[in-house]
Amino acid sequence: MCEGEFTPHLKDQAALERRIEELTDFIENASVPLHWVDENGIIIWANQAELDTFGYSRDEYIGFPISDFHADQETIDDILNRLSKNEVLMNYRAKLKCKDGSIKHVLINSSVFRRDEKFVHTRCFTRDITLLAQEEERKGILLGELEKSEASLKEAIASREEKSARLAAIIESSDDAIVSKTLEGIVTSWNGSAERIFGYTEAEMIGQSILKIIPQDRLDEEVEILTKLGRGERVEHFETKRQTKQGNLIDLSLTISPIKDKNGRIIGVSKIARDITERKLEEQRKDAFVAMASHELKTPLTAITAYLQLMLVKSRRDMADFYINTLTRAEAQAKKMITMIQDFLSVARLEEGKIVISKQNFDLQPLISEIIDDASFLTTRHQICFKGPDHIHIYGDQEKISHVLMNLVNNAVKYSPNGGTITISVEPEADKVKISVSDEGVGIHPKDRRRLFERFYRVDNEKTQTAAGFGIGLYLASEILRYHDSKIELESQEGVGSTFWFYLPVYGDS
Ligand code: ADP
(Lines give C-alpha, C1' and ligand atoms only; values in the text may rest on other atoms or scores of the structure.)
Protein backbone atom coordinates (compact mmCIF):
# COMPACT_ATOMS: atom_id res chain seq x y z
CA MET A 1 0.00 0.00 0.00
CA CYS A 2 1.39 3.40 -0.82
CA GLU A 3 1.68 5.83 2.05
CA GLY A 4 0.18 9.33 1.82
CA GLU A 5 -2.18 11.81 3.32
CA PHE A 6 -4.99 9.25 3.81
CA THR A 7 -2.79 6.45 5.11
CA PRO A 8 -1.25 7.79 8.31
CA HIS A 9 1.26 5.68 10.23
CA LEU A 10 -0.77 3.78 12.75
CA LYS A 11 1.87 3.85 15.34
CA ASP A 12 -0.14 3.91 18.45
CA GLN A 13 -3.48 2.66 19.73
CA ALA A 14 -5.02 6.15 19.82
CA ALA A 15 -4.20 6.81 16.22
CA LEU A 16 -5.68 3.43 15.30
CA GLU A 17 -8.91 4.18 17.11
CA ARG A 18 -9.11 7.56 15.41
CA ARG A 19 -8.67 5.89 12.12
CA ILE A 20 -11.44 3.35 12.89
CA GLU A 21 -13.72 6.18 13.99
CA GLU A 22 -13.05 8.12 10.75
CA LEU A 23 -13.66 5.08 8.55
CA THR A 24 -16.77 4.12 10.47
CA ASP A 25 -18.10 7.64 10.08
CA PHE A 26 -17.20 7.52 6.39
CA ILE A 27 -19.14 4.35 5.59
CA GLU A 28 -21.98 5.11 8.00
CA ASN A 29 -22.59 8.43 6.25
CA ALA A 30 -21.74 7.34 2.71
CA SER A 31 -24.55 8.21 0.32
CA VAL A 32 -24.38 4.70 -1.23
CA PRO A 33 -26.58 2.12 0.53
CA LEU A 34 -24.35 -0.56 2.06
CA HIS A 35 -25.00 -3.66 4.09
CA TRP A 36 -23.44 -6.86 5.30
CA VAL A 37 -25.10 -10.25 5.41
CA ASP A 38 -23.71 -13.20 7.30
CA GLU A 39 -23.23 -16.74 6.11
CA ASN A 40 -26.88 -17.54 6.90
CA GLY A 41 -28.25 -14.65 4.93
CA ILE A 42 -29.05 -12.51 7.99
CA ILE A 43 -28.41 -8.77 7.77
CA ILE A 44 -25.78 -7.96 10.30
CA TRP A 45 -25.06 -4.33 9.41
CA ALA A 46 -26.46 -1.58 7.15
CA ASN A 47 -25.56 2.04 6.81
CA GLN A 48 -27.94 4.99 7.10
CA ALA A 49 -28.24 5.40 3.31
CA GLU A 50 -29.47 1.81 3.04
CA LEU A 51 -32.05 2.31 5.79
CA ASP A 52 -33.17 5.64 4.29
CA THR A 53 -33.49 4.20 0.79
CA PHE A 54 -35.89 1.46 1.85
CA GLY A 55 -37.53 3.33 4.76
CA TYR A 56 -36.70 0.95 7.61
CA SER A 57 -35.34 1.73 11.10
CA ARG A 58 -32.22 -0.07 12.19
CA ASP A 59 -34.36 -2.36 14.43
CA GLU A 60 -36.67 -3.29 11.58
CA TYR A 61 -33.78 -4.21 9.30
CA ILE A 62 -30.77 -5.56 11.11
CA GLY A 63 -31.06 -9.10 12.40
CA PHE A 64 -33.61 -10.09 9.73
CA PRO A 65 -33.02 -12.41 6.77
CA ILE A 66 -32.15 -10.45 3.64
CA SER A 67 -34.64 -12.61 1.71
CA ASP A 68 -37.48 -10.88 3.66
CA PHE A 69 -36.65 -7.69 1.81
CA HIS A 70 -36.40 -9.12 -1.69
CA ALA A 71 -39.46 -9.00 -3.90
CA ASP A 72 -38.29 -12.01 -5.81
CA GLN A 73 -37.29 -15.13 -3.86
CA GLU A 74 -35.48 -16.71 -6.79
CA THR A 75 -33.20 -13.70 -7.15
CA ILE A 76 -32.01 -13.65 -3.55
CA ASP A 77 -31.49 -17.43 -3.57
CA ASP A 78 -29.35 -16.99 -6.66
CA ILE A 79 -27.38 -14.11 -5.11
CA LEU A 80 -26.63 -16.03 -1.90
CA ASN A 81 -25.77 -19.16 -3.83
CA ARG A 82 -23.30 -17.31 -6.08
CA LEU A 83 -21.71 -15.50 -3.17
CA SER A 84 -21.25 -18.74 -1.27
CA LYS A 85 -19.30 -19.94 -4.32
CA ASN A 86 -17.11 -16.87 -4.00
CA GLU A 87 -18.43 -15.21 -7.12
CA VAL A 88 -18.25 -11.44 -7.39
CA LEU A 89 -21.58 -9.97 -8.45
CA MET A 90 -21.48 -6.84 -10.54
CA ASN A 91 -24.58 -4.80 -11.37
CA TYR A 92 -26.93 -7.63 -10.48
CA ARG A 93 -30.54 -6.50 -10.99
CA ALA A 94 -32.96 -7.07 -8.14
CA LYS A 95 -36.16 -5.69 -6.69
CA LEU A 96 -36.38 -4.77 -3.03
CA LYS A 97 -39.43 -4.20 -0.85
CA CYS A 98 -39.71 -0.86 0.90
CA LYS A 99 -41.48 -0.34 4.17
CA ASP A 100 -44.28 1.63 2.50
CA GLY A 101 -45.03 -1.40 0.30
CA SER A 102 -43.44 0.03 -2.82
CA ILE A 103 -40.79 -1.84 -4.78
CA LYS A 104 -37.39 -0.40 -5.63
CA HIS A 105 -35.30 -1.52 -8.57
CA VAL A 106 -31.66 -1.85 -7.60
CA LEU A 107 -28.27 -2.85 -8.97
CA ILE A 108 -26.26 -4.89 -6.51
CA ASN A 109 -22.48 -5.21 -6.43
CA SER A 110 -21.53 -7.84 -3.91
CA SER A 111 -18.73 -10.12 -2.82
CA VAL A 112 -17.78 -12.02 0.33
CA PHE A 113 -15.27 -10.84 2.84
CA ARG A 114 -13.39 -13.86 4.17
CA ARG A 115 -10.84 -14.14 6.89
CA ASP A 116 -8.61 -17.22 6.83
CA GLU A 117 -10.89 -18.52 4.08
CA LYS A 118 -13.85 -18.29 6.41
CA PHE A 119 -17.06 -16.41 5.44
CA VAL A 120 -17.25 -13.29 7.55
CA HIS A 121 -19.91 -11.24 5.74
CA THR A 122 -20.94 -10.04 2.36
CA ARG A 123 -19.98 -6.59 1.14
CA CYS A 124 -23.05 -5.34 -0.53
CA PHE A 125 -23.36 -2.04 -2.41
CA THR A 126 -26.86 -1.25 -3.60
CA ARG A 127 -27.73 1.36 -6.22
CA ASP A 128 -31.32 2.60 -6.51
CA ILE A 129 -32.23 2.60 -10.19
CA THR A 130 -36.03 2.79 -9.77
CA LEU A 131 -36.37 5.95 -11.82
CA LEU A 132 -34.28 4.47 -14.56
CA ALA A 133 -36.25 1.22 -14.43
CA GLN A 134 -39.56 3.09 -14.61
CA GLU A 135 -38.27 5.03 -17.58
CA GLU A 136 -37.21 1.74 -19.14
CA GLU A 137 -40.57 0.26 -18.41
CA ARG A 138 -42.31 3.21 -20.03
CA LYS A 139 -40.04 2.83 -23.03
CA GLY A 140 -40.78 -0.87 -23.05
CA ILE A 141 -44.52 -0.19 -23.03
CA LEU A 142 -44.08 2.39 -25.71
CA LEU A 143 -41.94 0.02 -27.70
CA GLY A 144 -44.48 -2.73 -27.13
CA GLU A 145 -47.24 -0.47 -28.36
CA LEU A 146 -45.18 0.57 -31.31
CA GLU A 147 -44.51 -3.08 -32.09
CA LYS A 148 -48.19 -3.83 -31.70
CA SER A 149 -49.26 -1.06 -34.05
CA GLU A 150 -46.56 -2.07 -36.48
CA ALA A 151 -47.87 -5.62 -36.33
CA SER A 152 -51.45 -4.53 -36.93
CA LEU A 153 -50.28 -2.28 -39.78
CA LYS A 154 -48.46 -5.25 -41.28
CA GLU A 155 -51.61 -7.33 -40.83
CA ALA A 156 -53.74 -4.66 -42.54
CA ILE A 157 -51.24 -4.47 -45.40
CA ALA A 158 -51.21 -8.25 -45.65
CA SER A 159 -55.01 -8.45 -45.74
CA ARG A 160 -55.09 -5.65 -48.31
CA GLU A 161 -52.50 -7.47 -50.34
CA GLU A 162 -54.51 -10.65 -50.00
CA LYS A 163 -57.65 -8.80 -51.12
CA SER A 164 -55.92 -7.26 -54.10
CA ALA A 165 -54.36 -10.64 -54.94
CA ARG A 166 -57.83 -12.18 -54.85
CA LEU A 167 -59.23 -9.35 -57.00
CA ALA A 168 -56.29 -9.65 -59.38
CA ALA A 169 -56.99 -13.39 -59.68
CA ILE A 170 -60.67 -12.72 -60.45
CA ILE A 171 -59.73 -10.06 -63.02
CA GLU A 172 -57.15 -12.36 -64.60
CA SER A 173 -59.50 -15.35 -64.80
CA SER A 174 -62.48 -13.34 -66.11
CA ASP A 175 -63.73 -14.12 -69.61
CA ASP A 176 -64.41 -10.43 -70.08
CA ALA A 177 -61.76 -7.91 -71.00
CA ILE A 178 -61.15 -5.71 -67.93
CA VAL A 179 -59.24 -2.55 -68.67
CA SER A 180 -58.56 0.62 -66.74
CA LYS A 181 -57.32 3.93 -68.08
CA THR A 182 -56.71 7.49 -67.03
CA LEU A 183 -59.13 10.28 -67.88
CA GLU A 184 -56.82 11.11 -70.79
CA GLY A 185 -57.41 7.61 -72.18
CA ILE A 186 -54.01 6.15 -71.26
CA VAL A 187 -54.28 2.42 -70.44
CA THR A 188 -53.20 1.57 -66.89
CA SER A 189 -54.25 -2.10 -66.68
CA TRP A 190 -55.00 -4.78 -69.25
CA ASN A 191 -56.05 -8.29 -68.24
CA GLY A 192 -55.53 -11.65 -69.99
CA SER A 193 -58.95 -11.60 -71.68
CA ALA A 194 -58.23 -8.13 -73.08
CA GLU A 195 -55.11 -9.68 -74.65
CA ARG A 196 -57.17 -12.56 -76.05
CA ILE A 197 -60.02 -10.37 -77.37
CA PHE A 198 -58.03 -7.44 -78.80
CA GLY A 199 -54.81 -9.26 -79.69
CA TYR A 200 -52.54 -6.69 -77.99
CA THR A 201 -50.38 -7.86 -75.07
CA GLU A 202 -50.30 -6.05 -71.74
CA ALA A 203 -46.84 -4.67 -72.58
CA GLU A 204 -48.16 -3.33 -75.90
CA MET A 205 -51.05 -1.48 -74.25
CA ILE A 206 -49.96 -0.19 -70.82
CA GLY A 207 -49.06 3.47 -71.18
CA GLN A 208 -50.63 3.60 -74.65
CA SER A 209 -53.78 5.41 -75.75
CA ILE A 210 -57.03 3.43 -75.77
CA LEU A 211 -57.70 5.00 -79.20
CA LYS A 212 -55.56 2.15 -80.56
CA ILE A 213 -58.63 -0.12 -80.40
CA ILE A 214 -61.34 2.41 -81.26
CA PRO A 215 -62.41 2.47 -84.92
CA GLN A 216 -62.03 5.85 -86.68
CA ASP A 217 -65.79 6.34 -87.09
CA ARG A 218 -66.39 5.83 -83.35
CA LEU A 219 -63.83 8.21 -81.89
CA ASP A 220 -66.64 10.54 -80.70
CA GLU A 221 -67.91 7.80 -78.40
CA GLU A 222 -64.96 8.29 -76.04
CA VAL A 223 -65.84 11.97 -75.50
CA GLU A 224 -69.50 11.09 -74.94
CA ILE A 225 -68.61 8.38 -72.42
CA LEU A 226 -66.18 10.59 -70.53
CA THR A 227 -68.81 13.35 -70.31
CA LYS A 228 -71.30 10.90 -68.82
CA LEU A 229 -68.74 9.56 -66.34
CA GLY A 230 -67.81 13.13 -65.43
CA ARG A 231 -71.39 13.52 -64.24
CA GLY A 232 -70.78 10.49 -62.00
CA GLU A 233 -72.92 8.19 -64.17
CA ARG A 234 -72.09 4.58 -64.98
CA VAL A 235 -72.48 3.43 -68.56
CA GLU A 236 -73.97 -0.05 -68.72
CA HIS A 237 -74.29 -2.60 -71.53
CA PHE A 238 -73.31 -0.10 -74.15
CA GLU A 239 -73.06 -1.99 -77.45
CA THR A 240 -70.34 -0.88 -79.81
CA LYS A 241 -67.52 -2.07 -82.05
CA ARG A 242 -63.78 -2.15 -81.45
CA GLN A 243 -60.85 -2.95 -83.65
CA THR A 244 -58.41 -5.80 -82.90
CA LYS A 245 -54.66 -5.76 -83.54
CA GLN A 246 -55.35 -7.78 -86.68
CA GLY A 247 -57.71 -5.03 -87.88
CA ASN A 248 -60.94 -7.01 -87.39
CA LEU A 249 -64.03 -5.25 -86.08
CA ILE A 250 -65.62 -7.02 -83.13
CA ASP A 251 -68.94 -6.40 -81.39
CA LEU A 252 -68.67 -5.57 -77.70
CA SER A 253 -70.97 -4.84 -74.80
CA LEU A 254 -69.26 -2.33 -72.49
CA THR A 255 -69.88 -1.48 -68.85
CA ILE A 256 -67.90 1.58 -67.87
CA SER A 257 -67.47 2.93 -64.35
CA PRO A 258 -65.56 5.89 -62.93
CA ILE A 259 -62.55 5.19 -60.66
CA LYS A 260 -62.55 7.65 -57.76
CA ASP A 261 -59.83 8.61 -55.29
CA LYS A 262 -60.53 8.77 -51.54
CA ASN A 263 -61.91 12.31 -51.91
CA GLY A 264 -64.44 11.16 -54.50
CA ARG A 265 -62.56 12.82 -57.37
CA ILE A 266 -62.71 10.86 -60.65
CA ILE A 267 -59.17 9.85 -61.55
CA GLY A 268 -59.77 7.18 -64.13
CA VAL A 269 -62.15 4.82 -65.85
CA SER A 270 -62.61 1.05 -65.68
CA LYS A 271 -64.13 -0.85 -68.55
CA ILE A 272 -65.51 -4.37 -68.69
CA ALA A 273 -65.89 -5.47 -72.29
CA ARG A 274 -67.77 -8.60 -73.32
CA ASP A 275 -67.19 -9.96 -76.77
CA ILE A 276 -70.68 -10.31 -78.29
CA THR A 277 -69.51 -10.92 -81.86
CA GLU A 278 -70.85 -14.47 -81.75
CA ARG A 279 -74.19 -13.33 -80.32
CA LYS A 280 -74.47 -10.65 -83.00
CA LEU A 281 -73.68 -13.19 -85.72
CA GLU A 282 -76.33 -15.48 -84.26
CA GLU A 283 -78.83 -12.59 -84.32
CA GLN A 284 -77.92 -11.86 -87.92
CA ARG A 285 -78.39 -15.53 -88.84
CA LYS A 286 -81.79 -15.50 -87.09
CA ASP A 287 -82.83 -12.28 -88.86
CA ALA A 288 -81.73 -13.70 -92.19
CA PHE A 289 -83.74 -16.83 -91.50
CA VAL A 290 -86.85 -14.80 -90.55
CA ALA A 291 -86.46 -12.69 -93.69
CA MET A 292 -86.07 -15.75 -95.86
CA ALA A 293 -88.98 -17.64 -94.21
CA SER A 294 -91.24 -14.56 -94.44
CA HIS A 295 -90.40 -14.11 -98.10
CA GLU A 296 -91.10 -17.77 -98.85
CA LEU A 297 -94.44 -17.62 -96.99
CA LYS A 298 -95.51 -14.38 -98.61
CA THR A 299 -95.26 -15.64 -102.19
CA PRO A 300 -97.84 -18.45 -101.97
CA LEU A 301 -100.07 -16.31 -99.75
CA THR A 302 -100.11 -13.52 -102.32
CA ALA A 303 -101.15 -16.08 -104.91
CA ILE A 304 -103.94 -17.38 -102.64
CA THR A 305 -105.19 -13.81 -102.13
CA ALA A 306 -105.22 -13.28 -105.88
CA TYR A 307 -107.26 -16.46 -106.39
CA LEU A 308 -109.66 -15.39 -103.61
CA GLN A 309 -110.13 -12.00 -105.27
CA LEU A 310 -110.85 -13.70 -108.60
CA MET A 311 -113.44 -15.91 -106.98
CA LEU A 312 -114.95 -12.90 -105.22
CA VAL A 313 -115.33 -11.01 -108.48
CA LYS A 314 -117.06 -14.03 -110.00
CA SER A 315 -119.31 -14.58 -106.93
CA ARG A 316 -120.36 -10.91 -106.99
CA ARG A 317 -121.17 -11.22 -110.66
CA ASP A 318 -123.26 -14.34 -109.88
CA MET A 319 -124.76 -12.62 -106.83
CA ALA A 320 -123.83 -15.67 -104.72
CA ASP A 321 -124.15 -14.14 -101.25
CA PHE A 322 -122.74 -17.07 -99.31
CA TYR A 323 -119.55 -17.15 -101.37
CA ILE A 324 -119.24 -13.37 -101.25
CA ASN A 325 -119.36 -13.46 -97.47
CA THR A 326 -117.01 -16.35 -97.01
CA LEU A 327 -114.52 -15.15 -99.56
CA THR A 328 -114.54 -11.59 -98.09
CA ARG A 329 -113.60 -12.99 -94.69
CA ALA A 330 -111.00 -15.31 -96.18
CA GLU A 331 -109.49 -12.34 -98.05
CA ALA A 332 -109.40 -10.21 -94.87
CA GLN A 333 -107.62 -13.01 -92.97
CA ALA A 334 -105.15 -13.53 -95.81
CA LYS A 335 -104.44 -9.77 -95.84
CA LYS A 336 -103.88 -9.88 -92.10
CA MET A 337 -101.37 -12.67 -92.57
CA ILE A 338 -99.62 -10.77 -95.34
CA THR A 339 -99.36 -7.74 -93.03
CA MET A 340 -97.76 -9.87 -90.33
CA ILE A 341 -95.29 -11.37 -92.77
CA GLN A 342 -94.53 -7.91 -94.11
CA ASP A 343 -93.78 -6.80 -90.56
CA PHE A 344 -91.20 -9.54 -90.21
CA LEU A 345 -89.63 -8.57 -93.49
CA SER A 346 -89.55 -4.93 -92.41
CA VAL A 347 -87.83 -5.83 -89.11
CA ALA A 348 -85.20 -7.80 -90.98
CA ARG A 349 -84.66 -4.91 -93.42
CA LEU A 350 -84.46 -2.44 -90.55
CA GLU A 351 -81.88 -4.54 -88.71
CA GLU A 352 -79.77 -4.75 -91.84
CA GLY A 353 -80.10 -0.99 -92.29
CA LYS A 354 -81.83 -1.62 -95.61
CA ILE A 355 -85.02 0.28 -94.89
CA VAL A 356 -85.59 2.96 -97.51
CA ILE A 357 -87.73 5.98 -96.70
CA SER A 358 -89.01 7.95 -99.64
CA LYS A 359 -90.82 11.05 -98.48
CA GLN A 360 -93.37 12.90 -100.53
CA ASN A 361 -96.34 15.20 -100.19
CA PHE A 362 -99.57 13.20 -99.82
CA ASP A 363 -103.16 13.55 -98.64
CA LEU A 364 -103.75 11.71 -95.39
CA GLN A 365 -107.52 11.47 -95.71
CA PRO A 366 -107.89 8.71 -98.40
CA LEU A 367 -105.25 6.66 -96.62
CA ILE A 368 -107.21 6.85 -93.36
CA SER A 369 -110.49 5.90 -95.14
CA GLU A 370 -108.82 2.81 -96.57
CA ILE A 371 -107.49 1.83 -93.17
CA ILE A 372 -110.93 2.26 -91.60
CA ASP A 373 -112.51 0.12 -94.36
CA ASP A 374 -109.94 -2.64 -93.96
CA ALA A 375 -110.18 -2.66 -90.17
CA SER A 376 -113.97 -2.67 -90.26
CA PHE A 377 -113.86 -5.94 -92.16
CA LEU A 378 -112.13 -7.53 -89.18
CA THR A 379 -114.61 -6.45 -86.50
CA THR A 380 -118.28 -6.05 -85.95
CA ARG A 381 -117.98 -5.02 -82.30
CA HIS A 382 -116.18 -1.72 -82.88
CA GLN A 383 -117.15 1.58 -84.46
CA ILE A 384 -114.17 3.09 -86.17
CA CYS A 385 -114.58 6.79 -86.80
CA PHE A 386 -112.57 9.70 -88.07
CA LYS A 387 -112.32 13.25 -86.72
CA GLY A 388 -110.52 15.91 -88.69
CA PRO A 389 -110.43 18.02 -91.84
CA ASP A 390 -111.48 16.53 -95.22
CA HIS A 391 -108.04 16.89 -96.69
CA ILE A 392 -104.70 17.39 -95.08
CA HIS A 393 -101.39 17.06 -96.87
CA ILE A 394 -98.41 15.87 -95.00
CA TYR A 395 -94.79 15.18 -95.88
CA GLY A 396 -93.54 11.64 -95.36
CA ASP A 397 -93.30 8.11 -96.70
CA GLN A 398 -96.92 7.32 -97.54
CA GLU A 399 -96.62 3.54 -97.43
CA LYS A 400 -94.72 3.53 -94.13
CA ILE A 401 -97.05 6.07 -92.47
CA SER A 402 -99.99 3.97 -93.62
CA HIS A 403 -98.26 1.01 -91.99
CA VAL A 404 -97.91 2.90 -88.70
CA LEU A 405 -101.56 3.91 -88.67
CA MET A 406 -102.72 0.44 -89.65
CA ASN A 407 -100.75 -1.01 -86.78
CA LEU A 408 -102.21 1.45 -84.26
CA VAL A 409 -105.77 0.79 -85.49
CA ASN A 410 -105.27 -3.01 -85.50
CA ASN A 411 -103.91 -2.82 -81.93
CA ALA A 412 -106.90 -0.68 -80.90
CA VAL A 413 -109.17 -3.44 -82.22
CA LYS A 414 -107.10 -6.28 -80.71
CA TYR A 415 -106.80 -4.76 -77.25
CA SER A 416 -110.50 -3.72 -76.92
CA PRO A 417 -112.04 -7.19 -76.63
CA ASN A 418 -115.35 -5.71 -75.48
CA GLY A 419 -115.63 -3.43 -78.50
CA GLY A 420 -116.28 0.31 -78.23
CA THR A 421 -115.34 3.29 -80.33
CA ILE A 422 -111.98 3.66 -82.03
CA THR A 423 -111.26 7.23 -83.11
CA ILE A 424 -108.66 8.35 -85.60
CA SER A 425 -108.13 12.09 -85.18
CA VAL A 426 -106.14 14.53 -87.25
CA GLU A 427 -105.54 17.92 -85.66
CA PRO A 428 -103.50 20.56 -87.50
CA GLU A 429 -101.25 22.57 -85.17
CA ALA A 430 -99.22 25.41 -86.81
CA ASP A 431 -96.78 23.72 -89.21
CA LYS A 432 -97.47 20.18 -88.03
CA VAL A 433 -100.32 17.82 -87.59
CA LYS A 434 -101.16 15.61 -84.64
CA ILE A 435 -102.40 12.17 -85.67
CA SER A 436 -103.92 10.05 -82.93
CA VAL A 437 -105.71 6.73 -82.47
CA SER A 438 -107.74 6.16 -79.33
CA ASP A 439 -109.66 3.18 -78.04
CA GLU A 440 -111.81 2.12 -75.10
CA GLY A 441 -109.87 -1.04 -74.45
CA VAL A 442 -107.89 -2.74 -71.67
CA GLY A 443 -105.35 0.07 -71.29
CA ILE A 444 -101.67 -0.27 -70.36
CA HIS A 445 -100.10 -0.33 -66.91
CA PRO A 446 -97.52 2.50 -66.43
CA LYS A 447 -94.69 0.00 -65.80
CA ASP A 448 -95.13 -1.47 -69.31
CA ARG A 449 -95.32 1.84 -71.20
CA ARG A 450 -91.59 2.43 -71.50
CA ARG A 451 -90.89 -1.02 -72.96
CA LEU A 452 -93.80 -1.23 -75.47
CA PHE A 453 -91.57 0.00 -78.28
CA GLU A 454 -88.87 -2.64 -77.77
CA ARG A 455 -88.54 -5.39 -80.33
CA PHE A 456 -90.58 -8.51 -79.37
CA TYR A 457 -91.93 -6.89 -76.19
CA ARG A 458 -95.47 -7.94 -75.33
CA VAL A 459 -97.40 -7.13 -72.18
CA ASP A 460 -97.88 -10.35 -70.31
CA ASN A 461 -101.25 -10.36 -68.51
CA GLU A 462 -104.54 -12.20 -68.73
CA LYS A 463 -106.22 -9.32 -70.62
CA THR A 464 -103.72 -9.28 -73.47
CA GLN A 465 -102.93 -13.01 -73.58
CA THR A 466 -105.77 -13.87 -75.98
CA ALA A 467 -104.66 -11.32 -78.61
CA ALA A 468 -102.30 -12.79 -81.21
CA GLY A 469 -99.14 -10.90 -82.03
CA PHE A 470 -95.35 -10.96 -82.09
CA GLY A 471 -94.50 -7.72 -80.29
CA ILE A 472 -92.99 -6.05 -83.33
CA GLY A 473 -95.78 -3.69 -84.48
CA LEU A 474 -94.99 -0.78 -82.13
CA TYR A 475 -91.25 -1.33 -82.54
CA LEU A 476 -91.61 -0.96 -86.31
CA ALA A 477 -93.97 2.01 -85.98
CA SER A 478 -91.56 3.83 -83.65
CA GLU A 479 -88.58 3.09 -85.94
CA ILE A 480 -90.47 4.40 -89.00
CA LEU A 481 -91.36 7.57 -87.11
CA ARG A 482 -87.75 7.92 -85.96
CA TYR A 483 -86.82 8.11 -89.65
CA HIS A 484 -89.40 10.94 -89.88
CA ASP A 485 -87.85 12.75 -86.85
CA SER A 486 -90.97 11.98 -84.89
CA LYS A 487 -91.98 9.62 -82.11
CA ILE A 488 -95.04 7.90 -80.70
CA GLU A 489 -96.46 9.07 -77.43
CA LEU A 490 -99.27 7.58 -75.44
CA GLU A 491 -101.73 8.11 -72.67
CA SER A 492 -103.50 5.19 -71.14
CA GLN A 493 -105.60 4.12 -68.22
CA GLU A 494 -106.16 0.48 -67.38
CA GLY A 495 -109.78 -0.56 -68.01
CA VAL A 496 -110.58 2.80 -69.67
CA GLY A 497 -108.56 2.89 -72.87
CA SER A 498 -105.47 4.20 -74.62
CA THR A 499 -104.52 6.98 -77.01
CA PHE A 500 -101.39 6.78 -79.16
CA TRP A 501 -100.28 9.86 -81.14
CA PHE A 502 -97.48 11.30 -83.20
CA TYR A 503 -96.73 14.49 -85.15
CA LEU A 504 -95.79 14.91 -88.80
CA PRO A 505 -95.06 18.10 -90.72
CA VAL A 506 -97.84 19.55 -92.92
CA TYR A 507 -96.85 20.22 -96.47
CA GLY A 508 -98.09 22.94 -98.85
CA ASP A 509 -101.83 23.74 -98.92
CA SER A 510 -103.99 21.47 -96.89
P1 ADP B 1 -98.34 -7.10 -80.62
O2 ADP B 1 -99.62 -6.38 -80.66
O3 ADP B 1 -98.04 -7.89 -81.82
O4 ADP B 1 -98.12 -7.86 -79.35
P5 ADP B 1 -97.13 -4.44 -80.61
O6 ADP B 1 -95.70 -4.07 -80.69
O7 ADP B 1 -98.07 -3.88 -81.61
O8 ADP B 1 -97.16 -6.02 -80.60
O9 ADP B 1 -97.63 -4.05 -79.17
C10 ADP B 1 -96.86 -4.37 -78.06
C11 ADP B 1 -97.72 -4.57 -76.82
O12 ADP B 1 -98.33 -3.32 -76.49
C13 ADP B 1 -98.87 -5.49 -77.05
O14 ADP B 1 -98.50 -6.83 -76.77
C15 ADP B 1 -99.92 -4.98 -76.07
O16 ADP B 1 -99.77 -5.59 -74.83
C17 ADP B 1 -99.62 -3.51 -75.92
N18 ADP B 1 -100.55 -2.67 -76.69
C19 ADP B 1 -100.34 -2.14 -77.92
N20 ADP B 1 -101.40 -1.38 -78.30
C21 ADP B 1 -102.28 -1.43 -77.27
C22 ADP B 1 -103.58 -0.84 -77.05
N23 ADP B 1 -104.17 -0.07 -77.95
N24 ADP B 1 -104.19 -1.13 -75.87
C25 ADP B 1 -103.59 -1.90 -74.95
N26 ADP B 1 -102.39 -2.48 -75.10
C27 ADP B 1 -101.74 -2.25 -76.24
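Begin the tour by selecting Ile 272, which is found in strand β10, the run of residues 266-275. Keep in mind from the outset that the structure on the screen is a predicted model. Ile 272 counts as partly exposed, because its relative accessibility is 36%. If you add Val 347 to the selection, you will have a pair that is 75 residues apart along the chain, and the C-alpha atoms of Ile 272 and Val 347 are separated by 30 Å.

**Helix α10 and its two ends**

Next, select residues 321-351, which make up helix α10. This helix has 31 residues and reaches 45 Å from its first C-alpha to its last, close to the 45 Å expected at 1.5 Å a residue. While the helix is displayed, it may help to recall that an α-helix has 3.6 residues a turn, so residues three or four places apart point the same way.

Now move to Met 319, in the loop between α9 (277-317) and α10. Met 319 has a positive phi of about 55°, although it is not a glycine. As background for that angle, most residues other than glycine have a negative phi. Met 319 counts as exposed, because its relative accessibility is 66%. On the other side, α10 is followed by Gly 353, whose phi is also positive, near 75°.

**Two prolines**

Select Pro 366, which you will find in helix α11, residues 364-378. With 45% relative accessibility, Pro 366 counts as partly exposed. His 391 makes a useful second selection here, since the C-alpha atoms of Pro 366 and His 391 are separated by 8.4 Å, while the two residues are 25 apart along the chain.

Then select Pro 417, whose place is in the loop between α12 and β14 (420-429). Pro 417 is partly exposed as well, with a relative accessible area of 35%. For Pro 417 the residue to add is His 382, which is 35 residues away along the chain, with 9.3 Å between the two C-alpha atoms.

**Helix α12**

From Pro 417, step back to helix α12, which has 17 residues and reaches 24 Å from its first C-alpha to its last, close to the 24 Å expected at 1.5 Å a residue. At the start of α12, zoom in on Asp 397, where a side-chain oxygen reaches to within 3.2 Å of the backbone nitrogen of Glu 399.

Why can α12 be described as largely enclosed by the rest of the structure? The reason is that 12 of its 17 residues are buried. Among the buried residues to colour are Lys 400, His 403, Asn 407 and Asn 411, together with Ile 401, Val 404 and Leu 408.

**The ligand and its shell**

Select the ligand now, and display the 21 residues that surround it, the closest of which are Asn 411, Tyr 415, Asp 439, Arg 458 and Leu 474. The residues of this shell divide into 10 nonpolar, 8 polar and 3 charged.

Which polar contacts can be picked out around the oxygen atoms of the ligand? One is made by Lys 414, which has a polar side-chain atom 2.9 Å from an oxygen atom of the ligand. Another involves Tyr 415, where an N or O atom in the side chain is 2.7 Å from an oxygen atom of the ligand. At Gly 471 the contact is with the backbone, since a polar backbone atom of this residue lies 3.1 Å from a ligand oxygen. Taken alone, the ligand exposes 530 Å², and the protein buries 98% of that area.

To see where the shell comes from, colour α12 (398-414), α14 (473-482) and β17 (497-505), the elements that give two or more residues to it. The largest share, 3 residues, comes from α12.

**Phe 456 and the cysteines**

Select Phe 456, in the loop between α13 (446-449) and α14. Phe 456 has a positive phi of about 65°, although it is not a glycine. This residue is partly exposed, with a relative accessible area of 42%.

Finish with the cysteines, and start at Cys 124, which is buried, with a relative accessible area of 7%. The closest cysteine sulfur to that of Cys 124 is in Cys 98, at 15 Å, which is too far for a bond. The count for the model comes to 0 disulfides, with a pair of cysteine sulfur atoms required to lie within 2.5 Å. The last stop is Cys 385, which counts as partly exposed at 30% relative accessibility.

Methods
Residues are numbered from 1 along each chain as its sequence is written. This is a predicted model: local features need pLDDT of at least 70, side-chain atom pairs count only at pLDDT 80 or more; totals for chains, interfaces and linings use all residues. Side-chain values use heavy atoms; hydrogens and water are left out. Buried means under 20% relative accessible area, exposed over 50%, partly exposed in between (1.4 Å probe, protein chains only). Helices (H or I, at least four residues) and strands (E, at least two) are DSSP runs, numbered from the N terminus. The expected span of a helix is 1.5 Å times one less than its number of residues. A residue is near a molecule or strand if one of its heavy atoms lies within 4 Å of it. A polar contact is a pair of N or O atoms within 3.5 Å; within protein, one must be able to donate a hydrogen and the other to accept it, and residues adjacent in sequence count only if both atoms are side-chain atoms. Accessible areas come from the Shrake-Rupley method with a 1.4 Å probe; for residues, only the protein chains shown count as cover. Ala, Val, Leu, Ile, Met, Phe, Trp, Tyr, Cys and Pro count as nonpolar, Asp, Glu, Lys and Arg as charged, and the others, Gly among them, as polar.
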